[in-house]
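Q: Please take a close look at strand pairing in this structure. I would like the side chains followed along with the strands.

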Amino acid sequence: MTTTDTIAALALGVAIVAAVAAIGSWKAARNSNGAAQTLSRIEQQRLHADLTPVFRCAVVANEARSTAMLRVHLEGPPGLLSHDAIEITVSIRNDNPHRGNGPQLAGSATPEQVRAHIWGPWKFSADGRDDTGRTVAPQQLAVGEWTRYGLTPTTPPTWSTTSTPDWLRDYANDPVRLSITARSKGSEWAVPLEVPVTIEATS
């Protein structure tokens, strides 16, 4: 091997070592960047969870159970104070989330009709409700403040043979199952609640 060949071989070796080092540096940077993104995502998820709104709710019905009032109080957490008011949308969930998932029998209600009906004791009567009384219009609520919504008893579906008295009796002791969606500064939370119904005391 000539001196020229030796120098060329050494140069090639140096180039290979440099290339390997560059690849190693690139992989390390990529791994570091991936770890930083993972940590950032975990931190964002933690902050989002820490800011999950805390609601205290009560449903009070009159003695005849012909009307009721839902009161929604936004208790916290304190971190939401920096968000000013948040937007809340209150909806009523059904007693069984799997209703309407079974096979449709000939001449029976469609799965969409079954899911659309409120299977529970109360629906909204407040202004801004949707056609079914399941959801009310969004509104702004600040930490420490409260709002309220009127409720009216539900009725059996039109295709059911259950009478209204039997329907009301079946649901007499059931809670109102709510889902409150809260939105603020690009964040969104869905908070499920089950609120027992108390009867208004009469004098």
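A: What follows goes through one sheet, then a second set of strands, then the charged pairs.

The model is predicted. Start with the open sheet. Its four strands come in the order β5-β3-β7-β8, and the pairing is antiparallel. Two of these strands sit at the edges: β5, residues 139-141, and β8, residues 187-195. Each of them pairs on one side only. From one strand to the next, the twist averages 35 degrees.

Take the β5 side of the sheet. Strand β3 covers residues 86-92, and three bridges join this strand to β5. The two run antiparallel. Within that pairing, Glu87 stands opposite Gln140 of β5. Glu87 returns below, among the charged pairs.

Now move to strand β7, residues 176-184, where Ser179 lies. Is Ser179 buried or exposed? Ser179 counts as buried because its relative accessibility is 19%, and the cut-off for that class is under 20%. What does Ser179 touch, beyond its neighbours within four places in sequence? Its contacts are Thr89, Val90, Ser91, Arg93, Val191 and Pro192. Among these, Thr89, Val90 and Ser91 fall within the residue range of β3. Val191 and Pro192 fall within the range of β8. Ser179 thus has contacts in the strands on both sides of β7 in the sheet order. Glu194 lies 15 residues from Ser179 along the chain, and their C-alpha atoms are separated by 8.8 Å.

Glu194 also has a charged partner. It forms a salt bridge with Arg177, with the closest N and O atoms 3.1 Å apart. Glu194 is in β8 and Arg177 is in β7, so this pair ties together parts that are 17 residues apart in sequence. Arg177 counts as buried, at 17% relative accessibility. A network is also present: salt bridges with shared partners join Glu87, Arg183 and Glu188. By residue range, Glu87 belongs to β3, Arg183 to β7 and Glu188 to β8.

Next, the second set of strands. β1, residues 54-61, pairs with β2, residues 68-76, over eight bridges. The sense is antiparallel. Val59 faces Leu70 of β2 across this pairing. Six residues lie between the strands of this hairpin, and there Arg65 takes a positive phi near 60 degrees. β2 has another partner: six bridges pair it with β6, residues 146-153, again in the antiparallel sense. Here Leu70 stands opposite Tyr149 of β6. Leu70 therefore has an opposite residue in each pairing, Val59 in one and Tyr149 in the other.

The hairpin carries its own charged pair. The side chains of Arg56 and Glu75 meet in a salt bridge, at 2.6 Å from N to O. Arg56 sits in β1 and Glu75 in β2, 19 residues apart, and the pair links distant parts of the chain. Arg56 is partly exposed at 47% relative accessibility. Glu75 is also partly exposed, at 41%.

Set against that a pair within a helix. Asp166 and Arg169 form a salt bridge, with the closest N and O atoms 2.1 Å apart. Both lie in helix α3, residues 164-170. They are separated by about one helical turn because they are three residues apart. Asp166 is partly exposed at 33%, whereas Arg169 is exposed at 54%. In total, the salt bridges number six.

Terms used:
Residues numbered from 1 in each chain as written. Predicted model: local features only at pLDDT ≥ 70, side-chain atom pairs only at ≥ 80, totals over all residues. Heavy atoms only, no water. Pairing = 2+ DSSP bridges. Axes fitted to C-alpha atoms, helices over the stretch in contact; angles between N-to-C directions. Buried < 20%, exposed > 50% of the residue type's maximum accessible area, 1.4 Å probe, protein only. Contact = heavy atoms within 4.5 Å. Salt bridge = Lys/Arg side-chain N within 4 Å of Asp/Glu carboxyl O.
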